[in-house]
Amino acid sequence: MKENSEQILVSRLLQKEEAAWKELFEAYSGGLAYVCSRYIIDQDHVNDVLQNSFIKMFRSIDSFEYRGNGSLKAWISKIAVNESLKHIRQNADFKIMNDEVDIPDIGSEEEPDLEEISQLEIMQMIRTLPDGYRTVFNLFVFEEKSHREIAGILGIAENSSASQFHRAKSMLARKIKEYKMSKTAQYE
């Protein structure tokens, strides 16, 4: 969205113009659903969180401050992430993985080569990580939160966040290696 058109949309949203809200939904709901699905696997729950996100946007639009092109997208994305995290915290099945789970560590020299793997395939692999690993990984990588911030958000110890991230990364590297080996085997 161009800066001028985004600014105009914001002004229309602030006036609670119904057509502007529909326009916002049409322009951003797909991307926000993708953001929510990084944290939440079940599609029905993603839809619920997305709906709650738009309700939250509507109720708090008066607190939004336009700061230039992209600020609206950043604001609504943050709401979608926060609503996803709220859903996770309220979900009784969510738990941070126990650190005793035996996952082999990978050294930095073994970082996986991501060439020839699509972003979609990598995102699918991330979605298969256990809830705790996936949540910490997403917050650290995509939301650029520190382990201290993640610990505060999830109510866990800072070293647990770092451990969860390390183990998520190891698990993901193993999944990537297995994927590449299976692709290589297909062509032999």
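**Figure 1. The outward face of helix H3.** On the side of H3 turned away from its buried residues, the helix carries the exposed residues Asp44 and Arg59. The view, like those that follow, is taken from a predicted model. Helix H3 comprises residues 43-60. At the start of this helix, a side-chain oxygen of aspartate 42 comes to within 3.1 Å of the backbone nitrogen of aspartate 44.

**Figure 2. The buried face of helix H3.** The residues of H3 that count as buried are Val46, Val49, Leu50, Ser53, Phe54, Met57 and Ser60. Seen down the helix axis, the buried residues of H3 fall within an arc of 140°, so they line one face of the helix. Their cover includes helix H2 (18-39) and helix H4 (71-90). With 18 residues at 1.5 Å a residue, H3 should span 26 Å, and the distance of 25 Å between its end C-alpha atoms agrees with this.

**Figure 3. An aromatic pair between helices H2 and H3.** Five aromatic pairs are found in a search of the whole structure. In one of them, tryptophan 21 and phenylalanine 58 meet edge-to-face, with 5.1 Å from centre to centre and 65° between the planes. This pair links distant parts of the chain, as tryptophan 21 belongs to helix H2 and phenylalanine 58 to helix H3, 37 residues apart. Tryptophan 21 counts as buried because its relative accessibility is 11%, under the 20% limit for burial. Phenylalanine 58, in contrast, has a relative accessibility of 39% and therefore counts as partly exposed.

**Figure 4. An aromatic pair between a loop and helix H4.** Phenylalanine 64 and tryptophan 75 form a tilted aromatic pair, in which the centres are 5.0 Å apart and the planes make an angle of 50°. Here too the pair links distant parts of the chain: phenylalanine 64 lies in the loop between H3 and H4, tryptophan 75 lies in helix H4, and the two are 11 residues apart. Phenylalanine 64 is buried, with a relative accessible area of 9%. Tryptophan 75 is buried as well, with a relative accessible area of 17%.

**Figure 5. Helix H8 and its cover.** Helix H8 runs through residues 158-186. For its 29 residues, a rise of 1.5 Å a residue gives an expected span of 42 Å, and its end C-alpha atoms are 42 Å apart, which agrees. The buried residues of H8 include Ser161, Phe165, Arg167, Met171, Leu172, Ile176 and Tyr179. Among the elements that cover the buried residues of H8 are helix H5 (119-127), helix H6 (131-141) and helix H7 (147-154).

**Figure 6. An aromatic cluster involving Phe165.** Phe137, Phe140 and Phe165 form one aromatic cluster. Phe165 is among the buried residues of H8. Helix H6 (131-141) is part of what covers the buried residues of H8.

**Figure 7. The chain in which these views are set.** The chain contains eight helices and zero strands, and along the sequence its pattern reads α-α-α-α-α-α-α-α. Of its 188 residues, 40% count as buried. Of the contacts between residues at least 6 apart in sequence, 71% join residues at least 24 apart. The accessible surface of the chain amounts to about 11200 Å², and carbon and sulfur atoms account for 49% of this surface.

Key
Residues are numbered from 1 along each chain as its sequence is written. This is a predicted model: local features need pLDDT of at least 70, side-chain atom pairs count only at pLDDT 80 or more; totals for chains, interfaces and linings use all residues. Side-chain values use heavy atoms; hydrogens and water are left out. Helices (H or I, at least four residues) and strands (E, at least two) are DSSP runs, numbered from the N terminus. Buried means under 20% relative accessible area, exposed over 50%, partly exposed in between (1.4 Å probe, protein chains only). Contact means heavy atoms within 4.5 Å. Accessible areas come from the Shrake-Rupley method with a 1.4 Å probe; for residues, only the protein chains shown count as cover. The expected span of a helix is 1.5 Å times one less than its number of residues. The arc is that of the directions from the helix axis to the C-beta atoms. A polar contact is a pair of N or O atoms within 3.5 Å; within protein, one must be able to donate a hydrogen and the other to accept it, and residues adjacent in sequence count only if both atoms are side-chain atoms. Rings of Phe, Tyr and Trp (its six-membered ring) pair if their centres lie within 6.5 Å; planes under 30 degrees apart count as stacked, over 60 as edge-to-face and the rest as tilted.
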